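Subject: Structure handover

Hi,

Here is the structure I promised to pass on. Please open it beside this email, and my notes follow below.

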Amino acid sequence: MNTPLTGNTPIRRWRNLGIIAHVDAGKTTLTERLLWKTGAIHRTGEVHDGAATTDFDPIERRRGITIGAAAVQARWTPHDGAEHRLTVIDTPGHIDFAIEVERSLRVLDGAVAVFSGVDGVQPQSETVWRQARRHGVPLIAFVNKMDRVGASLERTLTQMRDKLDAVPWALGETVGAESDLSGWIDYVARESVSWDDAGTLSRQAWTSEEAARFEPARQRLIEAVADHDDALAEAFLDARAIDAALLKAALRRATLAGAGTPVLAGSAFKNKGVEPLLDAIVDYLPSPLDRPAVCAQSERGEVELAPDANGPLAGLVFKIVQQEHGAQTFVRLYSGTLRVGDTVWASRREKALRVGRLQVVQADRGQDVDVAYAGEIVAVVGWKDAISGETLSDAGERLALDSIQAQPAVLSWRLTAAKASDLIRLGQGLASLAQQDPSFRVGTDADTGETLVWGMGELHLEVMVDRLRELWNVDVRTGSPRVAYQETPSRAVRGVEGKLSKQTGGSGQFARVVIDVTPREDGQFEFVDRTVGGVVPRNFVGATEKGLRAALAEGPQGFPVVGLTVALTDGETHAVDSSEMAFQRAAAEALKAALAQTGTTLLEPVMALVVDTPAANVGDVVGDLQRRSGRVLSIEDKGGRSDVTARAPLAQLSGYTTTLRSLSQGRASASMVFDGYEVARGLPKAA
């Protein structure tokens, strides 16, 4: 066994961060340059060549996109500081793989949001930004591709304010534009940073001429940050000199509080701007010690867990990857210490497991370690049935952390094995893929018995089918797509009874429940126990909830049911014949009867689109969207081209990319993200 990479680095100098952005903003290229500049790799690989370190999956390399979030380790010493340990997770930019971003942000301490200096804030930029804010993850921003024609830092800052409701703090400005990009003016340190054609960096203090030119911008930055930091405001009002250390400290406090976002710029592909970004990661993103204590549920109630290696063990399983040498179960340790040979309690499987191997992961490679501490991200090797979102804790103090929530799948395909001999491998492969990806699920068509796979879009399902063919050697055929409709109760109903009574000799089955059903607008399901006097014992209350949740899988119109509160108001038991199974069945019957009374409203997934089109084709694009029941929200003129922003039902967008190419002679492109469910405007599209 080797010494863990974190061995001699104190926890205050750890940084667990993600790289997040819209597809093709340059996340993976930036990650590659971060690794190269830190010495973690000795030469860079390019995405377009299929050689990037974090895009190691053959399907990623063939398609030229990131599909799975990949973790890498690096060390960085800023030019004026001590060595820091970085754990970086490169995340996908495509909406179909949003679960990878979601579960990464769930366990990371900070993130770098990457924007294209040419395209600015794009649809998926907004999605990942909202995800980071929902998890309270402090952010810094990097405006990439500043060497490209049409790149603009100022325009991107404006879009961050307008589209993201962000408070961006530009920490400097670029020297030169487009192909002449050559440096960065650092407002904080009062330095000029320059790069040669090979990307080699040099720094020098501002000359008197540069100070006269750039000091006003530095003062504006100080004033903006002082609005959110009392110590800096006091120094500013007292007219004290504000050096780099004082300004950095204020920026760090304000960033960790979520008050604003430091912004840097450069060109990752040209190796320009990478070192200042690494310094900013160290200076402004949190260590595990800077994050709020996490809350966990225990048998004695809620407990707060600080990142203390001597505290109770608590780790969250956030990703499972099948490798040739065995499954890797990725764990973020929030508290305690995890050692090889330990026995831990898995909350979702409710059983004890032994830790056989631990690894610190470097993309597709792993380094074995003996021990991991609170604040680290590691992988347990060899567990076959791990579940994403479950908590690992000491068997003597069983804990449960908040799990990971996946967006609902919006599209399904029918799958059949080309050969009967492939059926077993097909089942094994689908089970493995569903274990690894919570946003991918497998079901069966109740009418035909065919296998259905559900995912976040066509690309998601294409990748899953590719994996079945390449990793499991299964020749599969796909059927026509089906949209994932949902149902929600149309009105409230009270006092609906569900009863199971089979008491004709021998062991019987008896349960009676009475429920109220109320619609809710947030799409969630809530169960409330309003019984009094113990008419339904606690274990049967739990069984009732389980039966209700199972019954949500299919409503009166044949689709999953969402957006309701079910209250258990009364019930009845039998001293001998009542059982948990009886109450599950009675609850399911009660909900089925209630939904029959309320009737259900059909909901359909709606996508938000941004179409980048030549101005001459705007009319054709708008007309086509309207024919697809789309609603155009805005048209932004970009000088010869336009951005058309719209919303449209997913069911109407089949073949949209092909149609768009035809309308624009291949000159228009579109990006779309899932934007929620709305009342369906017509009958479900035929399967």
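Which residue forms a salt bridge with D109? The partner is R332, and the closest N and O atoms are 3.1 Å apart. Please keep in mind that this is a predicted model.

R332 sits in strand β15, residues 326-335. D109 lies in the loop between α3 (98-107) and β4 (110-116). The two are 223 residues apart in sequence, so the pair ties together distant stretches of the chain. Buried or exposed, then, for R332? R332 is buried, with a relative accessible area of 3%. D109 is buried too, also at 3%. The cut-off for buried is under 20%.

Next, the salt bridges around K638.

K638 has two acidic partners to look at, D612 and D643. With D612, the closest N and O atoms are 3.8 Å apart. That pair links distant parts of the chain, 26 residues apart. D612 is in strand β35 (residues 600-614), while K638 is in the loop between β36 (631-637) and β37 (641-649). With D643, the N to O distance is 3.3 Å.

How accessible are these three? D612 is buried, at 18% relative accessible area. Since buried means under 20%, D612 falls inside that cut-off. D643 is buried as well, at 12%. K638 counts as partly exposed, at 39%. Partly exposed runs between the 20% and 50% limits, so K638 belongs there.

There is also a salt-bridge network. Which residues does it link? They are R349, K351, D385 and E390. Across the whole structure, the search finds 36 salt bridges. The ones described here are among them.

Now a sheet.

What is the strand order in the open sheet of 3 strands? It reads β13-β12-β24, and the pairing is antiparallel. The edge strands are β13 (301-305) and β24 (399-401), each of which pairs on one side only. From one strand to the next, the twist averages 40°.

The contact between β12 and β24 can be followed by residue. Strand β12 covers residues 294-298, and 3 bridges join β12 to β24. These two strands run antiparallel. Take A296 as a place to start: its bridge partner in β24 is L401.

For a first look, I would load R332 with D109, then K638 with D612 and D643. After that, turn to the sheet with order β13-β12-β24.

Best wishes

Methods: Residues are numbered from 1 along each chain as its sequence is written. This is a predicted model: local features need pLDDT of at least 70, side-chain atom pairs count only at pLDDT 80 or more; totals for chains, interfaces and linings use all residues. Side-chain values use heavy atoms; hydrogens and water are left out. Two strands pair if DSSP finds at least two bridges between them. Helices (H or I, at least four residues) and strands (E, at least two) are DSSP runs, numbered from the N terminus. Axes are lines fitted to C-alpha atoms, for helices over the stretch in contact, and angles run from 0 to 180 degrees between N-to-C directions. A salt bridge is a side-chain nitrogen of Lys or Arg within 4 Å of a carboxyl oxygen of Asp or Glu. Buried means under 20% relative accessible area, exposed over 50%, partly exposed in between (1.4 Å probe, protein chains only).
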